[in-house]
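Thanks for coming. I have one small structure to go through today, and I will start with a question once it is on the screen.

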Amino acid sequence: MFLKIYLYGYLNGVRSARDLEKECMRNMEMQWLLEAIIPNYHSISDFRKKQS
C-alpha cells in the first residue's frame, strides 16, 4: 500500500508526506488504489525513511 502511495507521489510531483495524506483523502484515484484505507502522514514518512 505504501509503495502505491510513494509511486503516486513520485509520478505526480507530490513529495510531502502530509500532502500525500491529503491526496489519499481528496483524490478518488487514490481512494480506489488504496481500497479506501487512508494512512496518516507519519506512517507514510516512516515508510519513506526505511526505503532510503
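What covers the buried residues of H1? The cover includes H2, helix H3, which is 28-33, and helix H4, which is 41-51. Before going further, please keep in mind that this is a predicted model.

Let me give the overall layout. The protein chain has four helices and zero strands, and read along the sequence the pattern is α-α-α-α. The C-alpha trace spans about 30 × 20 × 15 Å along its principal axes. For 52 residues, a compact globule would have a radius of gyration near 10 Å, and the protein chain agrees with that because its value is 10 Å. Of the 52 residues, 29% are buried. If you take the contacts between residues at least 6 apart in sequence, 51% of them join residues at least 24 apart.

Now the first helix in some detail. Ile 5, Tyr 8 and Gly 9 are the buried residues to look at in H1. They lie on the same side of the helix, because the arc they cover around the axis is only 95 degrees. Turned away from that buried side is a face with the exposed residues Tyr 10 and Leu 11. After H1 comes Gly 13, with a positive phi near 75 degrees.

Next, the core. In soluble globular proteins, nonpolar side chains tend to be buried together. Here the largest nonpolar core has nine residues: Ile 5, Tyr 8, Val 14, Ala 17, Leu 20, Cys 24, Met 30, Leu 34 and Ile 44. At least two of these core residues come from helix H1 (2-12), and at least two from helix H2 (17-26). Which helix gives the most to this core? That is H2, with three residues.

Ile 5 is a useful place to stand if you want to look around this core. Setting aside neighbours within four places in sequence, Ile 5 is in contact with Leu 20, Cys 24, Met 30, Leu 34, Pro 39 and Ile 44.

On to H2. Its buried residues are Ala 17, Leu 20, Glu 21, Glu 23 and Cys 24. These sit on the same side of H2, since they cover an arc of only 160 degrees around the axis. On the other side, Lys 22 and Arg 26 are exposed. The residues buried in H2 are covered by elements including H1, H3 and H4.

Two names in that buried list are glutamates, and I will take them in turn.

Glu 23 is in helix H2, and counts as buried because its relative accessibility is 13%, where the cut-off for buried is under 20%. Outside the four places on either side in sequence, Glu 23 is in contact with Tyr 8, Val 14 and Met 30. Which residue does Glu 23 form a salt bridge with? The partner is Arg 26, and the closest N and O atoms are 2.6 Å apart. The two are about one helical turn from each other, because they are three residues apart in helix H2. Arg 26, in contrast to its partner, is exposed, with a relative accessible area of 57%. A search of the whole structure finds one salt bridge.

Glu 21 is also found in helix H2. It is buried yet has no salt bridge. How far away is the nearest side chain of opposite charge? That side chain is Arg 18, at 6.3 Å, while a salt bridge needs the nitrogen within 4 Å of a carboxyl oxygen. Not counting residues up to four places away in sequence, Glu 21 touches Pro 39, Asn 40, Tyr 41 and Ile 44. Of these, Ile 44 is also one of the residues of the nonpolar core.

Last, the backbone in the loop between H3 and H4, where Glu 35 and Ala 36 are placed. Glu 35 has a positive phi near 60 degrees, and is a residue other than glycine. Ala 36 is not a glycine either, and has a positive phi of about 65 degrees. Are these residues buried or exposed? Glu 35 is exposed, with a relative accessible area of 62%, and Ala 36 is exposed, with a relative accessible area of 62%.

That is the tour. I will take questions now.

Technical notes:
Residues are numbered from 1 along each chain as its sequence is written. This is a predicted model: local features need pLDDT of at least 70, side-chain atom pairs count only at pLDDT 80 or more; totals for chains, interfaces and linings use all residues. Side-chain values use heavy atoms; hydrogens and water are left out. A nonpolar core is a set of buried Ala, Val, Leu, Ile, Met, Phe, Trp, Tyr and Cys residues joined through side-chain atoms within 4.5 Å. Buried means under 20% relative accessible area, exposed over 50%, partly exposed in between (1.4 Å probe, protein chains only). Contact means heavy atoms within 4.5 Å. The arc is that of the directions from the helix axis to the C-beta atoms. Lys and Arg count as positive and Asp and Glu as negative; His and the chain ends are not counted. The radius of gyration is taken over C-alpha atoms; the globule rule is 2.2 Å times the number of residues to the power 0.38.
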